[in-house]
Protein chains: 2
Amino acid sequence: MTEKKHRIPDVVIRRLPVYLRYLQQLMSYDVDTVSSQQMGHDLNLNPAQIRKDLSIFGDFGVKGMGYRVSELADKLSKILGLDKEIPIVLVGVGNLGAALCRYNRYQKSATKIVGLFDGHPAKIGQVHGSLEVRPMEELVDFVRQNNIKMAIITVPAAAAQSVCDALVAAGVKAILNFAPVLLNVPEGVRVQNSDVTVELQALAYYL
Amino acid sequence: MTEKKHRIPDVVIRRLPVYLRYLQQLMSYDVDTVSSQQMGHDLNLNPAQIRKDLSIFGDFGVKGMGYRVSELADKLSKILGLDKEIPIVLVGVGNLGAALCRYNRYQKSATKIVGLFDGHPAKIGQVHGSLEVRPMEELVDFVRQNNIKMAIITVPAAAAQSVCDALVAAGVKAILNFAPVLLNVPEGVRVQNSDVTVELQALAYYL
DNA sequence: TAGATTGTTAATCGATTAACAATC
DNA sequence: TAGATTGTTAATCGATTAACAATC
């Protein structure tokens, strides 16, 4: 265990959930072990890359045999922090927000939306699943009181930065942003943008 | 104009829509020119990278002065193929599908959803905006007759591959896939995956 | 033991960035 | 002309892949 841990590349972190989902699929088929070769084939990745990614976090494999599926899934869950429930607030209960909310309910995932917020008075009190939409005024207190560290932003572009500021002030450390703006956040806060327009436009190039 | 064009990296293509949106914003503020320095500052990118990206496609800048905003926006639109309307079919009109459909209506974008399809009988005939949901049986003909090259898949994971196969058979060349599965497509067809679960799980790591 | 597959080193490949001559 | 900024080359950085000794 050396002191100077090399920073783990984002690109590796983003592959871990892909591995995890694949392993969970294998588990549902009662597959016990899998080789990097097999994984690489099924996931369209280089086996050496998979072995390298995994070996960053530990010696999870068995030489001559591969990886024990459920054991590796457990390890990856723990590495990602998905072994305990992660409470999330969603801000902006428009069509997309409501869709994400409903989607999340049907997943048995560690990431769980526990609070809905909207700035539009007409939306307050609407119920989505078991959650009632709350007014923006309650956002900061709610985040603080429930020790929430992750948020989803699905408000219009114009409102996104101020929502983001409020979230950050309340202690949120990771934001999944669907608004088409570049959010400004302080050091230590992580933003992941998801932008359908950008994705469609990039795809257009290949036509 | 050399014959052997170096393949343009995907990562460059994915930055172009970001540049484009930024330029359009500048236009709305009546800004005439912008330097790579300024762009880099506003977009959190290295100015040299921006110049390099742009110079792949032509000499768009003016030395000592920067880039003419609206001219560059035009060029980028053309490069991405956004100078003409791109018709899209959306398959799977659940919550997410409906949200994307409504979102698309309010954008003045070149990419335009022109057909909605769903395999669920109850959904057929429902109207979203000006579009009526059609049965899956009509998908292939519709795509062929309207010469559609781009599609959005928002069906459940289990149905995604067969929808994909139908789309590809009908001539679709670019797919934005929201189903949490790795789609199998032949050479020459482009798939872009968008997966909220993967993104949330990767974010969880940084908490 | 023989066969298989890991973990890891070294080689390769590709993308980012710095630096600067060209030039508006 | 002086100042600014491009387009591009060369240097750097980082990620992917091949190869193989270790070992189950």
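# A walk around two chains and two DNA strands

Select Gly64(B) to begin: a polar backbone atom of this residue sits 3.1 Å from a sugar or linking oxygen of DNA strand D. Keep in mind as you go that this is a predicted model.

**Stop 1: around DNA strand D**

Stay with strand D and bring up its neighbours. In total, 25 residues surround DNA strand D, and the nearest are Ser36(B), Arg51(B), Gly61(B), Gly64(B) and Tyr67(B). On the DNA side, sugar and phosphate make up 63% of the atoms of strand D that come within 4 Å of the protein.

Now click on Gly61(B). One of its backbone N or O atoms lies 2.8 Å from a phosphate oxygen of DNA strand D. Next, pick Ser36(B), where a polar side-chain atom is 2.7 Å from a phosphate oxygen of that strand.

Which elements should you colour here? From chain A, take helix H1 (10-28) and H3; from chain B, take H3, strand S2 (61-62) and strand S3 (66-68). Each of these supplies at least two residues of the surface near DNA strand D. H3(A) gives the most, with 4 residues. If you colour this surface by residue class, you'll get 8 nonpolar, 9 polar and 8 charged residues.

**Stop 2: over to DNA strand C**

Select DNA strand C and its surroundings. You'll find 25 residues around this strand, with Ser36(A), Arg51(A), Gly61(A), Gly64(A) and Tyr67(A) the closest. Sugar and phosphate account for 63% of the strand C atoms that come within 4 Å of the protein.

Zoom in on Arg51(A) first: a polar side-chain atom there is 2.8 Å from a base oxygen of DNA strand C. Then try Arg51(B), whose side chain has an N or O atom 3.1 Å from a base nitrogen of strand C. For a backbone example, go to Phe60(A), where a backbone N or O atom lies 3.1 Å from a phosphate oxygen of DNA strand C.

Which element gives the most to the surface near DNA strand C? That's H3(B), with 4 residues. Others that supply at least two residues each include helix H3 (47-55), strand S2 (61-62) and strand S3 (66-68) of chain A. By class, the surface near strand C has 8 nonpolar, 9 polar and 8 charged residues.

**Stop 3: the rotation axis**

Hide the DNA and look at chains A and B. A rotation of 180 degrees, with 0.0 Å of shift along its axis, superposes chain B on chain A with an RMSD of 0.0 Å. The two copies are therefore related as by a two-fold rotation axis. The same surface serves both of them: 100% of the contact residues of chain B recur in chain A. To find the axis, select Leu96(B); its C-alpha, at 3.2 Å, comes closest to the axis among the residues of chain B.

**Stop 4: the second largest pocket**

Finish at the second largest pocket, which has a volume of about 1,200 Å³. It is lined by 43 residues, and the ones closest to its centre are Ala157(A), Pro180(A), Thr197(A), Tyr103(B) and Gln107(B).

Colour the elements that supply at least two lining residues each: helix H5 (95-106), strand S5 (111-118), helix H7 (157-170) and helix H8 (196-205) of chain A, plus helix H1 (10-28) and helix H5 (95-106) of chain B. How does the lining divide by class? Switch to residue-class colouring and you'll see 23 nonpolar, 14 polar and 6 charged residues.

Terms used: Residues numbered from 1 in each chain as written. Chains lettered and ligands numbered in written order. Predicted model: local features only at pLDDT ≥ 70, side-chain atom pairs only at ≥ 80, totals over all residues. Heavy atoms only, no water. 1 Å grid on protein atoms, 1.4 Å probe; cavity = no way out; pocket = protein on both sides within 12 Å on 5 of 7 lines; lining within 4 Å. Points joined across faces, edges and corners; volume = space filled by probe spheres on them. Nonpolar A, V, L, I, M, F, W, Y, C, P; charged D, E, K, R; others polar. Near = heavy atom within 4 Å. Polar contact = N/O pair within 3.5 Å; in protein donor to acceptor, adjacent residues only side chain to side chain. Least-squares fit on C-alpha atoms with pLDDT ≥ 70 in both. Contact = heavy atoms within 4.5 Å.
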